[in-house]
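Colleague: Got a minute to walk me through this model? I'd like to start with what gets tucked away inside.

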Amino acid sequence: MTDHHDDVMTRAARIRLMIFDVDGVLTDGSLHFGAAGELIKTFNVLDGQGIRLLQQSGVDTAIISARQSPLVQRRASDLGITHVFQGSHDKRASFEQLLQQTGFSADQCGFIGDDVIDLPILLRAGFAASVPNGHIEVRQRVHYITSAPGGTGAVRELCDLILRAQGNYEAALAPYLS
């Protein structure tokens with residue numbers, strides 16, 4: 001277990017860009033439709049604060065999602081996530097485009113996803129994570145699985161882990177403890 005933990009922390013320490021899937025990661029994966037057919041998504045505030053703390057520590061953030069939703073653009077905008085790829089059915093191509101835009105290498109990127117469509121990125125990213133309710137084929141191929149399920153603080157848990165691995169956790173909390 002120690003070797004695995006050390007490997008996870010080493011990989012997390014290298015992250016300069018953390019990329020998030022949406023459905024099943026930033027949400028619980030449920031799709032709620034209103035009476036008029038509009039899609040309703042529920043996001044977790046703990047996740048949002050974790051993303052902000054990560055950004056404040058110097059880690060860039062991005063979203064790559066297969067679904068297209070104005071709600072995701074709104075959430076990304078609220079959180080200051082400028083790299084947003086939606087309607088991305090070829091996540092490998094979106095990842096390559098993101099690497100070109102940012103100048104980061106795959107090794108400097110982390111990605112958290114939950115289904116097989118995420119595997120092309122998870123298999124290339126320097127740090128690959130999933131959620132406990134992710135598909136078995138995904139969970140078997142990642143470096144880290146969060147304790148919290150998607151949409152219930154999994155992203156916050158991952159952000160805290162990255163902050164700790166990079167030695168920035170205490171500094172991130174300091175403004176709230178004084």
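Modeller: Sure. "Buried" here means under 20% relative accessible area. Keep in mind that this is a predicted model.

Colleague: OK, so how many of the 12 residues of α7 are buried?

Modeller: In α7, 11 of the 12 residues are buried, so the helix is largely enclosed by the rest of the structure.

Colleague: Which residues of α7 are the buried ones?

Modeller: Among them are Ala 154, Val 155, Leu 158 and Leu 161, and also Arg 156, Glu 157 and Asp 160.

Colleague: And how far apart are the end C-alpha atoms of α7?

Modeller: They are 17 Å apart. At 1.5 Å a residue, the 12 residues from 154 to 165 should span 16 Å, so the two agree.

Colleague: What follows α7?

Modeller: Gly 167 does, and its phi is positive, near 75°.

Colleague: Switching to cysteines: how many disulfides are there?

Modeller: The count is zero, going by cysteine sulfur atoms within 2.5 Å. For Cys 109, the nearest cysteine sulfur is that of Cys 159, 15 Å away.

Colleague: Why no bond for Cys 159?

Modeller: Because its sulfur is 15 Å from the closest cysteine sulfur, in Cys 109, which is too far.

Colleague: Is Cys 109 buried or exposed?

Modeller: Cys 109 is buried, because its relative accessible area is 0%. Cys 159 counts as buried too, at 0% relative accessibility.

Colleague: Now the strands. Which way do the residues of β1 point?

Modeller: Leu 17 and Ile 19 point one way, Met 18 and Phe 20 the other, and all are buried. That fits the general picture, because side chains in a regular strand alternate between the two faces of the sheet.

Colleague: Which strand does β1 pair with over four bridges in the parallel sense?

Modeller: One is β4, residues 60–64, where Ile 63 stands opposite Phe 20. Four bridges also join β1 to β6, residues 109–112, and those two run parallel. There, Ile 19 stands opposite Phe 111.

Colleague: Last topic, empty space. How many cavities of 30 Å³ or more does the structure hold?

Modeller: One. About 30 Å³ of space lies in that largest cavity.

Colleague: What lines the largest cavity?

Modeller: Leu 26, Phe 43, Asn 44, Asp 47, Gly 48, Ile 51, Arg 75 and Leu 79. The elements giving two or more residues are α2 and α3, and α2 has the largest share, three residues.

Colleague: And by class?

Modeller: The lining has four nonpolar, two polar and two charged residues.

Technical notes. Residues numbered from 1 in each chain as written. Predicted model: local features only at pLDDT ≥ 70, side-chain atom pairs only at ≥ 80, totals over all residues. Heavy atoms only, no water. Buried < 20%, exposed > 50% of the residue type's maximum accessible area, 1.4 Å probe, protein only. Pairing = 2+ DSSP bridges. Expected span 1.5 Å × (residues − 1). 1 Å grid on protein atoms, 1.4 Å probe; cavity = no way out; pocket = protein on both sides within 12 Å on 5 of 7 lines; lining within 4 Å. Points joined across faces, edges and corners; volume = space filled by probe spheres on them. Nonpolar A, V, L, I, M, F, W, Y, C, P; charged D, E, K, R; others polar.
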